[in-house]
Amino acid sequence: MTTTSALIEPVTLAGLSLTSPFVMAPMTREHSPGGVPTPEVAAYYRRRAENGVGLIITEGVLVDHPSAGHQRDVPRLTPGAAEAGWRHVTAEVHAAGGRIAAQLWHLGSQFEGDQAWTPRTMTTADRETLLRAYAEAARVAVRAGFDAVEVHAAHGYLLDEFLWPVTNPGGRHRDFPAQVVRAIRAEIPACVPLIVRFSQFKERDYSARIASTPDELGLLLEGFRAAGADVLHASQRRFWEPVFDGSDRNLAGWAKHLTGLPAITVGSIGLTRDFARSDRMRELLDRRARGEYDLMALGRVLLGNPAWVRLAEAGRLDEINDYRKADQDQYS
């Protein structure tokens, strides 16, 4: 297959103008000492923006609470040095013609740091404290120049733990993730899109499901929509796999069908050089053309190929590297 020349074309997402329909998916990088992004971080994101990625979604940024995460080199969104560091990042992305969203993150029971924060059942006071922490992070994100905010409610982390029956038997406070969305929406301007990332699978359980039927999924996603979500980012391992029997729609397709909101698809896109000339590439683009989803997120392939979108558009496939696990240890 010869790739289309229309990979890089202007699109609009929830009122936000983008240079292309490709998104950089969030990937933890741990290059922000003390939680503060450096000029190296700014250059890393700029390289993707200037090479055809329309929307950058940052690595998970920890909200300001001791229980959120312990890694010292994972960035945070707090006033002061971290805010200033992010302001430089957003300025560099904008100078390259790109847009950037901050992903707000709390690890939940996957936190493995200080034993003083051993996982336990959250109290009403805990939930109120975290609502304030998310809201404050959103305020900082706006001041730092981010174009959008994404809430990480996927992969078994804190907010997803409320959605998954295994970690929330009985469904107590299952609406807490929607409350977080509502708290953030109240703190950011209407022109700043609010994205919610969700998934069926968990980092430690690929067979996990938050919903067994479209109706169950619809109830969850409607909660996000009603709380103020503008976009749904549906994370799955392989974008081409159907979610429910009787339909070939993927997770993003169901999200858009059930809520009417624009959707981002992600899952094993472009991991090999041959992908860009394969039937999977054609399927990825055809599904978007049919309206199944709006944007397409690239993850691991961008670690070793910052210019993947431009190279694929130009047909320079011999310059694309297959993804290797070693790419995760590089930062370029």
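User: Which residue in E10 does Thr265 stand opposite?

Analyst: In this predicted model, E9 and strand E10 (residues 295-298) pair in the parallel sense over three bridges. Thr265 belongs to strand E9 (residues 263-266). The residue that Thr265 stands opposite in E10 is Met296.

User: In E9, which residue has Thr265 as its bridge partner?

Analyst: Strand E8 (residues 231-235) and E9 run parallel and are joined by four bridges. Thr265 in E9 is the bridge partner of a residue named Ala234.

User: Which residues of E9 point the other way from Ala263 and Thr265, and are they buried or exposed?

Analyst: In a regular strand the side chains alternate between the two faces of the sheet. In E9, Ala263 and Thr265 point one way, and all the residues of the two sets are buried. Those pointing the other way, likewise buried, are Ile264 and Val266.

User: Through which helix does the chain cross from E8 to E9?

Analyst: E8 and E9 run parallel and are joined by four bridges. The β-α-β crossover between them is right-handed, and the helix on its path spans residues 251-259. That helix is H7.

User: What is the handedness of the β-α-β unit that E9, H8 and E10 make?

Analyst: The pairing of E9 with E10 is parallel, over three bridges. Helix H8 (residues 279-289) is the helix of this β-α-β unit. The unit is right-handed.

User: In what order do the eight strands close into a barrel?

Analyst: Strands of a sheet pair through backbone hydrogen bonds, either parallel or antiparallel. In this barrel the pairing is parallel. Neighbouring strands of the sheet are turned by 25° against each other on average, direction ignored. The eight strands close in the order E3-E4-E5-E6-E7-E8-E9-E10.

User: In E6, which residue is the bridge partner of Ala102?

Analyst: E5 and E6 pair in the parallel sense, with four bridges between them. Ala102 falls within strand E5 (residues 99-105). The bridge partner of Ala102 in E6 is Val149.

User: What angle does the direction of H7 make with that of E8?

Analyst: Helix H5 (residues 176-185) lies across E5, E6 and E7, and runs at about 160° to E7. H7 also packs on the sheet, where it touches E7, E8 and E9. The angle between the direction of H7 and that of E8 is about 150°.

User: Why does the salt bridge of Glu9 and Arg288 tie together parts far apart in sequence, and how many residues apart are they?

Analyst: The side chains of Glu9 and Arg288 meet at 3.5 Å, N to O. Glu9 lies in the segment before strand E1 (11-13) and Arg288 in helix H8, so the pair ties together separate parts of the chain. Glu9 is partly exposed at 29% relative accessibility, and Arg288 is partly exposed at 21%. The parts are apart in sequence by 279 residues.

User: Is Asp147, the salt-bridge partner of Arg99, buried or exposed?

Analyst: The closest N and O atoms of Arg99 and Asp147 are 3.2 Å apart. Arg99 lies in strand E5 and Asp147 in the loop between helix H3 (124-143) and strand E6 (148-155), so the bridge ties together parts that are 48 residues apart in sequence. Arg99 is partly exposed at 28% relative accessibility. Asp147 has a relative accessible area of 9%, under the 20% limit, and is therefore buried.

User: Which residues do salt bridges that share partners join into one network?

Analyst: The structure holds 20 salt bridges. Among them is that of Arg46 and Glu50, at 3.2 Å, N to O. Where salt bridges share partners, they join into one network Arg280, Glu283, Arg287 and Glu292.

User: The side chain of Lys202 has a polar atom 3.0 Å from the backbone oxygen of which residue?

Analyst: Lys202 is found in strand E7 (residues 194-202) and is buried at 3% relative accessibility. Beyond its neighbours within four places in sequence, Lys202 is in contact with residues including His155, Asp160 and Trp164. The backbone oxygen 3.0 Å from a polar atom of its side chain belongs to Gln200.

User: What distance separates the C-alpha atoms of Ile320 and Arg127?

Analyst: Ile320 is found in the segment after helix H10 (308-314) and is buried, with a relative accessible area of 0%. Among the residues that Ile320 touches, not counting those up to four places away in sequence, are Arg273, Asn305 and Trp308. Arg127 is 193 residues apart from Ile320 along the chain, and their C-alpha atoms are separated by 45 Å.

Conventions. Residues numbered from 1 in each chain as written. Predicted model: local features only at pLDDT ≥ 70, side-chain atom pairs only at ≥ 80, totals over all residues. Heavy atoms only, no water. Salt bridge = Lys/Arg side-chain N within 4 Å of Asp/Glu carboxyl O. Buried < 20%, exposed > 50% of the residue type's maximum accessible area, 1.4 Å probe, protein only. Pairing = 2+ DSSP bridges. Right-handed = clockwise from strand over helix to strand, strands pointing away. Polar contact = N/O pair within 3.5 Å; in protein donor to acceptor, adjacent residues only side chain to side chain. Contact = heavy atoms within 4.5 Å. Axes fitted to C-alpha atoms, helices over the stretch in contact; angles between N-to-C directions.
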